[in-house]
Amino acid sequence: MILGDKIMNLRKKNNWSQEDLAEKLGISRQSVSKWESGTSIPDIDKIIKLSAIFDVSTDYLLKDELEEILPSETVTNDMEKESLRRVSLEEVSEYTGAVSAIAVKIAMGVALCILSAAVLIGFQILAVPLPGVGGGSALMSEQAAGSLGTVLLLLLCAGGVILLVSNGMKIGKYEYFETEELNLDYGVKGVIEKKKSEFEPVYRRCVTIGTALCIISVVPLMVAASLDASDYIYLLCTTILLVIIAIAVFIFVWSGMIQGSYNKILQVGDYTPENKRLNKKVSWFSGAYWCTVVAIYLGISFVFNNWHISWIVWPVAGVLFAALYQIIRHRAQKNSLE
């Protein structure tokens, strides 16, 4: 139970309104309302007054996990906590607000990079004779289709990279949430747990919808293969596949960033203190790997002028990244235990 809920329960137990409690504390009713909603927390002086007014211990009010007064030996060692980075409710609110503001833009940046390949293949469709239309003539020459498609691919990739870099820089100052062990101020954990529980149904729906879209995306291509369709149909189905994948990735990235921000603050899942220490040791790998992949992709595409098929580098690189990352992470973990 978080501090706000405890204040509300104790107030109602005494049959007091928010105005009554505010009067006893010498503050405004709005302050009490903010405490109970979890949008702010009382300072230490008000905590002491609340303890006296409700005749409960300050530990009961401040420790979210306490439903009743516990023996002193069960309380966490405060000196050990003080060595960690202290994080206030204001910092947490700023961080979660920043992530919520840029999540859509980051997701759009990733989706644009995927859509760039779809646009290139879409232009290749225009260079393939359309079955049963105009005597089988193409709507555009292969050279024109390749040139226009390449230009749009580069423009969309550039737009996606700009969105990723510019918005990623906006939360660069909050990197410590991901890399450092945190000591949350009293009341912060309860507030974030409440926000996470409220977002949880949205996150589950996003994961379900995104997964379903990934499965559905290959259906047109499988149907085309079973019917031995023409090149025109194959290219069209591939374009549809990439568009659907882009939508799925957008959903995954948006919801994952918001859910991840809560996990980083609460230090759960992939962001436990142990995982944070391990992530520091392998953080170099992601940047080095994807820079290498980009160099390989551009080199193959420009040298062989095969932009219409070189996009396959990205899904292959994605699968390979997951495998290599786990190997490097496992070795780092093994070395830390030795």
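Before you click on anything, one definition: a helix axis here is a line fitted to C-alpha atoms, over the stretch in contact, and angles run from 0 to 180 degrees between N-to-C directions. You are looking at a predicted model, in which local features need pLDDT of at least 70 and side-chain atom pairs count only at pLDDT 80 or more, while totals for chains, interfaces and linings use all residues. Residues are numbered from 1 along each chain as its sequence is written, and side-chain values use heavy atoms, with hydrogens and water left out.

**Stop 1: the whole chain**

Start with everything shown as a cartoon. The chain has 15 helices and 2 strands; these are DSSP runs (H or I, at least four residues, for helices; E, at least two, for strands), numbered from the N terminus. Of the 338 residues, 38% count as buried. Buried means under 20% relative accessible area, exposed means over 50%, and partly exposed is in between (1.4 Å probe, protein chains only).

Now switch on the surface. About 18,800 Å² of the chain is exposed, and carbon and sulfur atoms supply 63% of that. Accessible areas like this one come from the Shrake-Rupley method with a 1.4 Å probe.

How much of the contact in the chain, at a separation of 6 or more, comes from residues 24 or more positions apart? The share is 75%, where contact means heavy atoms within 4.5 Å.

**Stop 2: α10 and α12**

Two packed helices are described by the angle between their axes and the distance between the axes. Select residues 188-217, which is α10, together with α12: the pair packs at an angle of about 160°, and the axes are 8 Å apart. That makes α10 roughly antiparallel to α12. For the labels, under 35 degrees is roughly parallel, over 145 roughly antiparallel, 65 to 115 roughly perpendicular, and the rest oblique.

The α10 and α12 crossing is left-handed. Handedness works like this: left-handed if the near helix is turned anticlockwise from the far one by less than a right angle, right-handed if clockwise. Colour the contact by residue class and you get 21 nonpolar, 7 polar and 5 charged residues. Here Ala, Val, Leu, Ile, Met, Phe, Trp, Tyr, Cys and Pro count as nonpolar, Asp, Glu, Lys and Arg as charged, and the others, Gly among them, as polar.

Just past α12, click on Gln267, in the loop between α12 (231-266) and α13 (273-304). Gln267 is not a glycine, yet its phi is positive, at about 55°. At 15% relative accessibility, Gln267 counts as buried.

**Stop 3: α2 and α4**

Next, select residues 18-25 (α2) and 44-54 (α4). Their axes come within 10 Å and cross at roughly 115°, so α2 and α4 are roughly perpendicular to each other. This crossing is right-handed. Show side chains for the residues that make the contact: Leu21, Lys24 and Leu25 from α2, and Lys46, Lys49, Leu50, Ile53 and Phe54 from α4. By class, that contact has 5 nonpolar, no polar and 3 charged residues.

Slide along to Asp55, in the loop between α4 and α5 (58-62). Is Asp55 buried or exposed? With 70% relative accessibility, Asp55 counts as exposed. Asp55 also has a positive phi, near 60°, in a residue other than glycine.

**Stop 4: a buried Glu**

Pick Glu36 in helix α3 (residues 29-37). Its relative accessibility is 3%, so Glu36 counts as buried. Which residues surround it, leaving aside neighbours within four places in sequence? Glu36 is in contact with Gly4, Asp5, Ile7, Met8, Arg11 and Gln18.

**Stop 5: partners far apart in sequence**

Find Leu115 in helix α7 (residues 89-126). Leu115 is partly exposed, at 26% relative accessible area. Not counting residues up to four places away in sequence, Leu115 touches Leu156, Val243 and Ala246. Try a distance line from Leu115 to Gly160, 45 residues along: the C-alpha atoms are 9.7 Å apart.

Then go to Lys173, in the loop between α8 (142-170) and α9 (176-179). Lys173 counts as exposed at 59% relative accessibility. Tyr95 is 78 residues from Lys173 in sequence, but 9.3 Å away in space, C-alpha to C-alpha.

Finish at Phe321 in helix α15 (residues 313-337). Phe321 is buried, with 17% relative accessible area, and touches Phe285, Ser286, Tyr289 and Trp290, not counting residues up to four places away in sequence.
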